[in-house]
Structure formats: structure tokens, C-alpha cells
Number of protein chains: 2
Amino acid sequence: MTNQSKFTVSCGQCGLNELCLPHALTAQEIDQVDSIVKRSKPLQRGEYLYNTGEVFSSIYAVRSGSIKVFTIDDEGEEQVIGFYLPGELLGLDAIDSKLHMSTAKSMETSSVCEIPYDSIEDLSATIRNLQVHMYRVLSREIRVDQELQMLLAKKTAEERIGAFLMNLSLRYEQRRLSSTRFRLPMARSDIGNYLGLAVETVSRIFTRLQTMGVLTVEGKEVEILDRNALCNVAHSREVA
Amino acid sequence: MTNQSKFTVSCGQCGLNELCLPHALTAQEIDQVDSIVKRSKPLQRGEYLYNTGEVFSSIYAVRSGSIKVFTIDDEGEEQVIGFYLPGELLGLDAIDSKLHMSTAKSMETSSVCEIPYDSIEDLSATIRNLQVHMYRVLSREIRVDQELQMLLAKKTAEERIGAFLMNLSLRYEQRRLSSTRFRLPMARSDIGNYLGLAVETVSRIFTRLQTMGVLTVEGKEVEILDRNALCNVAHSREVA
DNA sequence: CGATTTGTTGATCTTACTCAATAATCGTGG
DNA sequence: CCACGATTATTGAGTAAGATCAACAAATCG
């Protein structure tokens, strides 16, 4: 257990990067955590992990693939809440009400770990550092949500797309994947929905960013050519 | 300890409605919780509870008055994250990083309780129901933030204001205050900032809602005349 | 009581949405 | 493997919701 990034895969069979603080839990404690984790069978594209209205019993950690989480509003419209990548935890929003108020759908073939919430409550009552870590995970989710709020309240379409791509780039980087070349697992309509933009706007801005030489997009494949410029786009600064 | 609403004031000197589950903690446990709470001196309008960049050491519970929480973006602009009323907890977003990434400013004469975070970690490791409750409080904050995301991503200016006022109305009701007549502690510019709207738009929609007979506004005093109609405004339904 | 901040209203402009048409991609079955 | 329809993405033209600019009114404060 070195002081490597907490995003490093570390947690035995479960791969719970987010759930484990490599330098905070003993090997024995990690075994205990592993023992409560259920490894689920892979999800196919379009399959649901949980549905709005279902009773909450577990949180989930993405092992591979990617999961889209969304709510359904009064008119039955989807509102995308977030996209979850390997190592990230889903379902934290249901702990309070014990009912899922959102739906989680696999965007590609994915595998997830199921972690019964009761077991987390039990185990974190005995493993002090697990409790501490859960508080941090929940707190981080709050901060991530607040950043999105700022994006939606204040930023232009171009800034939103720029920030969205930068965010993805950073998250892939943390997972030791290419930060400049990756595949968008979600549809344009999901991006638009998430960022509060029309599909057409998403499309137009992708092409605009291409024209500017910031990146290339071919279908779902993105290559970031000028990360610095993209960062400027995300922060409403002029690009040379 | 009856099964009264968890919003009922219950927690000895601290008034921590949110922090206490009346029916889940024993009287002795409540005493323990009370003992870690520091009662702070009142804050004057405009005073800061904590500032962006400061080291995080405590969370705070509003006892009376109201607190505005906002971040500062790249250009030094405020982005309002939320308004906190009596019984609500602030500072949860800093647990992860141990640094305040936002600023909390009193909107009127307010009093707050300071609760050292280390003590919460300690106490929730021994009081099982406090741990359970903290998870729920954090989870609820996540869900509240997600609802705002939906508001910002999808709703029109009128719907946002409608939902904002309905939300305030409900929160006052939970606090046993009038749900139809209350004072807006924040400036119009704060409302606009929070909802992603220009001040002028907020103003215009207030007058429009008045013309529609849904409510009356006089400065900061609001009276909701037709709560049903306001609810419809908030949910993009036609108002008769 | 004047000065400064805060709120309202009007006129104009801009961004991003809507509608519409076309193109590309995906999935399925022959 | 290719052909088919269906979904998804791109591009264009017109529109609308809300922003911005500007002037004025009202409230707040010293």
C-alpha cells in the first residue's frame, strides 16, 4: 500500500477504486470490504441497473464500460444526471429516501459491482477509515454536482461542451487511459440533455471546435489536438 | 421521542433539526451530540461564516436567519450554490478536500451552530444511528443538487422562479412558518444568479406572476395567493 | 437628507432552440 | 455480406426566450 492515487485499481476482485483508500485500509480490512461486494454479471448496452421507483438496497461501482443515470420528470422526459465511468459509484442519491429516484442504464457492455448498502453501514461502523472514506465519497459527489450547477447557470454552449470534454479527458487520464483520444460512450442527445443544450447545438459546436483545430470528432471517437485551447474554451477565454 | 417529523426542533440547545433523528437517538445519545456542538455568536448581515480557500474543520447548522453559499469562478464572479434556512447543514461539500471551495455569507442577522467535523467522525463511529443519519443527510444534499440541475438544464425562466418559490414555501412550512407569506432574505440578483437568470428576468417574472394573480410581491415580502397555480407554473402547466 | 445600492420597466440584440431536410451509422435479417 | 429500415448526427433557415443596455424608481444607509 503505497501512497499512489486513490484512483489506482487496488481493491482485490472488486476494482473499487473510488471505494478504497489504498493507504488507509489494512490488507485485512480490504479483504473485509471485498467480502461484501457482489460481482454482478455484465450488463449489455441498454440494460438497466436500477429503475426509478425501485426500492434501494445497494450502491454500485462501475468496473468497466459506462453507465448513464437519469431522472424522469413530470412530462416523462429524461434528465441526464451524470455519466459514470469505471471506478465511480452510483446510487448514492437513494440512501436518504431508500427509493431510487433515478434510473441507471448501461451505455455499452459494462460490468458493475453491487455493494449492499446495509453491509456498508455495518462495515463502516467497525472500520473507521471506511466510514471516513464514505463521507468523503458523498462529499465529493456534492461538489461535482455543484460544479455542474455553475456550468448550467452561467456558461455558454461552447463553454459547457469544452468543460464537458475536459472533464472526460481528466477522468480518463486518472484511469490511466488516453486523455487525448477516447470514445464518447453516450449519444449526442445525452450530452445535450446533460448540459442543457439541444442536440443540434452539440453537433454544431463539435464542428466549430473542429474548425478551430481544437479537436477532431469522428462519430463517437474524439481526439483532442490542443488541450490548452480546449481548456480555454471551457473557461470563456479567447483561443489564439 | 415520538415519531414526529425529523424537522421538528428536538436537539436540546443546538436546534439541529437536520442532524437529529428524534426517534432514532436515545436521550443520552442526543446529549452526546449536543456536547460536541459549539454555539456560535450571531452573524450580522453580510458577515462570513467561512471563505473559499480556508481549511475545513467544521460543518455548520443554521439556527436562525439565513445563509447564502456561493463559489467564485475563474473571472471572480459569484455563483450561488444555495440558500440555507434554519435547521439546514452547510459545509458538507468540503469534507472531501478539507478545504472550503465555497463561501458562506449571512443574508441577515443569523445564528449558527458550529459542529467540529472531527467530533462528528468520532461520535458517528460509536453512535451507529448518527452515522446512518449522516449518510442520509449527505445523500439528501446530493438529491437536492440533482433537482436543481434538472431545473437549470430544462426549465424556462418562469418555471424556475415558480419552482424556487414553491421550494421556499415548502421549506418554511416544514419549519412551521407560514407557507404563503414570507420574506425573501436574498436579493433579486442572488435569485437570478442561483437560477441562471438575469436580474431583470427575475423582476419581470415576479410582476408577471402578480398580473396572473398567483402572488403579490412587495419588495422582499411575498404572499402566495394561489399555491396550486404556482405549482402549475413550476411544472410547465397552463394556469387557468 | 442626499448618496448608493437595489429593483423595475422598456427597447434592442444575441444565443441557442425549433423545424426541416439530408447524411451517416447501426442493427437486423435475408 | 449486403440491403433494409431505423435510429442518430449534421447542417441550414427562421424564431423566440432571455440577455444586455439604458433609464428611471424605490428602498437602504450613513
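Q: What counts as a polar contact?
A: A polar contact is a pair of N or O atoms within 3.5 Å. This model is predicted, and the distances below are computed from it.

Q: What makes the approach of A:Thr207 to a phosphate oxygen of DNA strand D a polar contact?
A: An N or O atom in the side chain of A:Thr207 is 3.4 Å from a phosphate oxygen of DNA strand D. The limit is 3.5 Å and both atoms are N or O, so the pair is a polar contact.

Q: How do you know that chain B also makes polar contacts with DNA strand D?
A: A phosphate oxygen of DNA strand D lies 3.1 Å from a backbone N or O atom of B:Ala198. The side chain of B:Glu200 has an N or O atom 3.0 Å from a base nitrogen of DNA strand D. Both distances fall within 3.5 Å, so both pairs qualify.

Q: Which residues come nearest to DNA strand D, and what part of the strand do they face: sugar and phosphate, or bases?
A: There are 17 residues around DNA strand D, and A:Arg188, A:Ser203, A:Thr207, B:Ala157 and B:Thr201 come nearest. Sugar or phosphate supplies 63% of the strand's atoms within 4 Å of the protein, and bases supply the rest.

Q: Which element gives the largest share of the surface near DNA strand D?
A: That element is α6(A), with 4 residues. At least two residues each come from α5 (188-195) and α6 of chain A and from α6 of chain B. By class, the residues of this surface are 4 nonpolar, 6 polar and 7 charged.

Q: Which residues are closest to DNA strand C?
A: A:Ala157, A:Thr201, B:Arg188, B:Ser203 and B:Thr207 are the closest of the 17 residues that surround DNA strand C. Of the atoms of DNA strand C within 4 Å of the protein, 62% are accounted for by sugar and phosphate.

Q: How do you know that chain A reaches bases of DNA strand C by polar contacts?
A: A:Glu200 has a polar side-chain atom 2.9 Å from a base nitrogen of DNA strand C. For A:Arg204, a polar side-chain atom lies 3.0 Å from a base oxygen of that strand. Each distance is within 3.5 Å, so each pair is a polar contact.

Q: Which elements give two or more residues to the surface near DNA strand C?
A: They are α6 (199-211) of chain A, with α5 (188-195) and α6 (199-211) of chain B. The largest share, 4 residues, is that of α6(B).

Q: How many residues of chain A and chain B are in contact, and how many salt bridges cross the interface?
A: Contact involves 46 residues of chain A and 46 residues of chain B. About 4500 Å² is buried between the two chains, 50% of it on carbon and sulfur atoms. The interface holds 12 salt bridges.

Q: Why is the pair of A:Glu121 and B:Arg128 called a salt bridge?
A: Their side chains meet at 3.6 Å, N to O. A salt bridge needs a side-chain nitrogen of Lys or Arg within 4 Å of a carboxyl oxygen of Asp or Glu, so this pair meets the rule.

Q: What makes the pair of B:Arg140 and A:Asp96 a salt bridge, and why does the pair join two chains?
A: The N to O distance is 3.4 Å, which is within 4 Å and therefore qualifies. B:Arg140 lies in helix α3 (residues 128-154) of chain B, while A:Asp96 is in the loop between β6 (89-90) and β7 (103-106) of chain A, so the pair joins two chains.

Q: How many aromatic pairs are there over all chains, and why is the pair of A:Tyr135 and B:Tyr117 given its class?
A: The count over all chains is 15 aromatic pairs. In A:Tyr135 and B:Tyr117 the ring centres are 6.3 Å apart and the planes stand at 65°. Centres must lie within 6.5 Å, and planes over 60 degrees apart count as edge-to-face, so this pair is edge-to-face.

Technical notes: Residues numbered from 1 in each chain as written. Chains lettered and ligands numbered in written order. Predicted model: local features only at pLDDT ≥ 70, side-chain atom pairs only at ≥ 80, totals over all residues. Heavy atoms only, no water. Near = heavy atom within 4 Å. Polar contact = N/O pair within 3.5 Å; in protein donor to acceptor, adjacent residues only side chain to side chain. Contact = heavy atoms within 4.5 Å. Buried area = accessible area lost by both parts, 1.4 Å probe. Phe/Tyr/Trp six-rings, centres within 6.5 Å; stacked < 30°, edge-to-face > 60°. Nonpolar A, V, L, I, M, F, W, Y, C, P; charged D, E, K, R; others polar.
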